There are 2 protein chains.
Amino acid sequence: MALIVQKYGGTSVGSPDRIKNVAKRVARWKAMGHDVVVVPSAMSGETNRLIALAKEIMPSPDARELDVIAATGEQVTIGLLAMAIMQEGCKAKSYTGPQVRVLTDSTFTKARILQIDDERIRQDLAEGNVVVVAGFQGADENGNITTLGRGGSDTSAVALAAALKADECQIYTDVDGVYTTDPRIVPEAKKLDTITFEEMLEMASLGSKVLQIRSVEFAGKYKVKLRVLSSFTDEGEGTLITVEEDKNMEQPIISGIAFNRDEAKLTVLGVPDRPGIAYQILGPIADANIDVDMIIQNVGHDGTTDFSFTVNRGEFNKALGVLESVKSHIGAREIVGDNKICKVSAVGVGMRSHPGVASQMFRALAEEGINIQMISTSEIKISVVIDEKYLELAVRVLHKTFGLDQA
Amino acid sequence: MALIVQKYGGTSVGSPDRIKNVAKRVARWKAMGHDVVVVPSAMSGETNRLIALAKEIMPSPDARELDVIAATGEQVTIGLLAMAIMQEGCKAKSYTGPQVRVLTDSTFTKARILQIDDERIRQDLAEGNVVVVAGFQGADENGNITTLGRGGSDTSAVALAAALKADECQIYTDVDGVYTTDPRIVPEAKKLDTITFEEMLEMASLGSKVLQIRSVEFAGKYKVKLRVLSSFTDEGEGTLITVEEDKNMEQPIISGIAFNRDEAKLTVLGVPDRPGIAYQILGPIADANIDVDMIIQNVGHDGTTDFSFTVNRGEFNKALGVLESVKSHIGAREIVGDNKICKVSAVGVGMRSHPGVASQMFRALAEEGINIQMISTSEIKISVVIDEKYLELAVRVLHKTFGLDQA
């Protein structure tokens with residue numbers, strides 16, 4: 001008998017019928033003798049509906065109040081899912097995040113989980129209940145309702161699995177695992193049986209929407225065994241996300257090609273090339289709670305330099321506004337931005353031991369006439385920013401270049 | 001400077017524009033220097049939508065889980081209303097029932113408020129906030145989410161006013177006060193400037209939908225000054241619900257004619273006329289959590305008697321089922337029911353000192369050929385059950401008979 005935490009995304013619980021299907025699956029795991037904790041998202045479309053309603057009242061909604069509203073999406077789902085599980089003949093109880101003391105910091109709309117009190121859940125499990133816990137939400141130390149930001153339900157599930165020392169955390173989604181790249185762009189994309197946490201982290205951070213990045217960090221940190229599965233088929237083992245590379249297998253150099261359309265680039269032109277300038281530019285951006293992704297500073301000339309970074313496309317205008325407001329203070333000549341860009345990356349732990357991957361990648365893009373605007377590298381990833389119109393072409397070319405379409 | 005609790009019903013917050021109008025009104029009271037606590041209901045239609053969703057999963061929804069789902073309706077409104085109040089330039093903070101520790105018993109879907117912790121609200125008021133508290137909901141001692149049943153937001157508002165020792169509890173609704181009867185049935189109906197708690201209690205329990213009955217009981221018990229007002233006009237003082245009869249005014253004998261279409265009658269025929277039979281019949285009904293309204297037992301003959309009572313029409317089939325299941329145990333000959341009935345009542349503290357009101361009422365109905373099926377009286381009210389097809393006629397006749405259409 002194992003303790004399993006299962007997370008179901010918005011599409012998997014998008015209608016009463018789909019909720020009933022999830023309940024059937026949960027009941028099967030329960031019938032096998034396992035203890036099951038289920039973490040559902042809001043029904044698909046519901047969070048967007050609630051945010052739109054808030055914006056009708058307040059175009060830039062107050063963050064605290066927005067969380068009060070947004071948290072209701074998951075609250076509806078847990079009640080519905082608990083009832084559906086009862087209909088399958090199991091005992092079930094639902095809890096909101098605040099009810100099981102998912103303690104977070106007070107960064108409304110983007111809160112981070114600090115601690116979870118597992119006592120109540122353990123007691124309910126011991127009494128034979130399936131426990132349904134709302135994802136995406138918690139409460140700060142003053143009891144204010146918080147949400148974890150988009151995709152936060154994955155993080156909720158992994159954090160619960162860590163707190164409960166669960167045997168496995170299963171993330172059910174509308175795909176049956178992690179692929180070498182998006183099959184909608186490259187039909188030859190292959191499902192991976194395993195992927196390392198590091199690779200998954202890079203894939204997730206680069207826009208592979210299978211898992212939310214913080215959940216992968218969390219899982220890696222707390223050694224939670226994480227598996228991605230489809231909620232629409234009963235076949236397959238999905239993709240297991242492992243701590244260690246599999247030493248027994250021939251390790252491919254590159255595991256996958258990730259991409260992210262949701263990026264925008266900002267450049268501060270002609271800033272004085274002096275110490276502290278990066279902080280003067282990015283400090284106000286951080287104060288405005290805007291996440292920065294890539295950061296590039298070119299070598300200066302004439303005593304000035306150009307400074308570029310990328311942000312989530314939804315925060316492009318906000319970031320532009322922040323930069324305009326500090327422009328004269330930092331002595332910049334001009335602020336320019338471009339929100340028609342995308343990022344494409346090759347990811348693989350194999351590149352640690354294989355030099356030349358970067359040049360192979362740049363050559364393949366050059367042969368297709370794709371101009372590279374920015375480059376960023378890590379130990380296991382090479383990312384390039386290019387014009388978004390080349391996205392599909394770049395992904396297909398790189399997928400083929402690194403032999404990912406071979407069985 | 002006063003402390004005012006304002007409650008707004010579902011129609012008053014039924015759309016973003018209406019929520020903005022409520023916020024403007026709240027801001028005006030705040031600008032006058034008052035401390036304001038606002039208790040909104042769910043947006044009109046929302047609670048029904050949520051219950052329908054639950055029934056798609058589980059035709060007789062689990063009560064605990066239904067409350068988890070239903071409580072989200074008010075939670076959305078408090079966030080929206082707090083933001084709308086901010087847009088009017090006031091500080092505002094919203095709280096769910098559990099957050100401000102509206103402690104209730106554990107009777108899910110029909111919970112009763114036991115206690116409210118006013119500390120957090122007082123602190124927020126002291127800091128200049130308008131405090132928005134979700135009506136209709138609370139939590140039991142184990143932190144389970146509970147709801148107070150239909151119309152429970154009125155009770156929430158009055159309970160908050162009592163806990164905060166507010167100077168006035170204002171119930172904003174879609175009518176501008178309490179009328180001598182429903183103006184849709186009798187166009188000559190007059191608005192009452194004052195009405196006593198006892199009268200209001202009878203009017204409310206009889207189906208005058210202006211105020212929820214438990215809220216009136218609560219207000220009477222804790223001496224909360226209660227006022228009913230329209231949220232759609234800025235004119236008028238509404239109707240003040242007073243503890244004492246106004247000794248200075250010529251007291252009319254009857255204050256109003258109330259009615260209730262939402263009733264059903266059940267009769268147990270030919271039960272042995274022995275002690276304890278009423279308990280044997282109504283015990284199982286109470287165990288099934290069905291509220292009983294009127295109870296009539298006729299004088300027995302041949303050692304048997306007939307026993308009648310009325311319930312909410314929505315619980316008619318459930319009550320019928322309960323009676324059928326105990327029929328042989330109690331030795332009854334037959335169970336009959338009728339859900340095409342209504343109750344019409346004359347209410348007034350004046351009837352205490354004026355004999356003959358009952359006979360005046362029965363004569364007026366007899367002259368119109370309306371058969372009386374059941375009669376029930378209290379010190380300040382006479383109710384009759386009649387065929388529902390005579391409802392409008394009976395109300396008009398009684399309104400005229402008691403001179404309520406005179407200025």
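**Exercise 1. Find what share of the contacts in chain A with a separation of 6 or more comes from residues 24 or more positions apart.**

Start with the term: a contact means heavy atoms within 4.5 Å. Then take the contacts in chain A with a separation of 6 or more; residues 24 or more positions apart account for 75% of them.

A word on the ground rules: this is a predicted model, where local features need pLDDT of at least 70 and side-chain atom pairs count only at pLDDT 80 or more, while totals for chains, interfaces and linings use all residues. Residues are numbered from 1 along each chain as its sequence is written, chains are lettered from A and ligands numbered from 1 in the order in which they are written, and side-chain values use heavy atoms, with hydrogens and water left out.

**Exercise 2. Work out how the radius of gyration of chain A stands against the globule rule.**

First, list the elements: chain A has 12 helices and 20 strands (DSSP runs, numbered from the N terminus: H or I of at least four residues for helices, E of at least two for strands). Next, the radius of gyration of chain A is 23 Å, close to the 22 Å that the globule rule gives for 407 residues, so chain A is as compact as a globular protein of that length. Here the radius is taken over C-alpha atoms, and the rule is 2.2 Å times the number of residues to the power 0.38. Finally, the C-alpha trace spans about 75 × 50 × 30 Å along its principal axes.

**Exercise 3. Decide whether Ser153(A) is buried or exposed, and list its contacts.**

Place the residue first: Ser153(A) sits in helix H6 (residues 152-164) of chain A. Its relative accessible area is 4%, so Ser153(A) is buried (under 20%; exposed is over 50%, partly exposed in between, with a 1.4 Å probe and protein chains only). Now set aside neighbours within four places in sequence: the contacts of Ser153(A) include Lys7(A), Val39(A), Glu74(A) and Phe136(A).

**Exercise 4. Describe the buried residues of helix H9 of chain A and what covers them.**

Begin with the helix, residues 277-287, whose buried residues are Ile277(A), Ile281(A), Leu282(A), Gly283(A) and Ile285(A). Their cover includes strands S15 (256-272), S16 (292-297) and S17 (304-312), along with helix H10 (316-330). To finish, step just past H9(A): Asn289(A) has a positive phi of about 65°.
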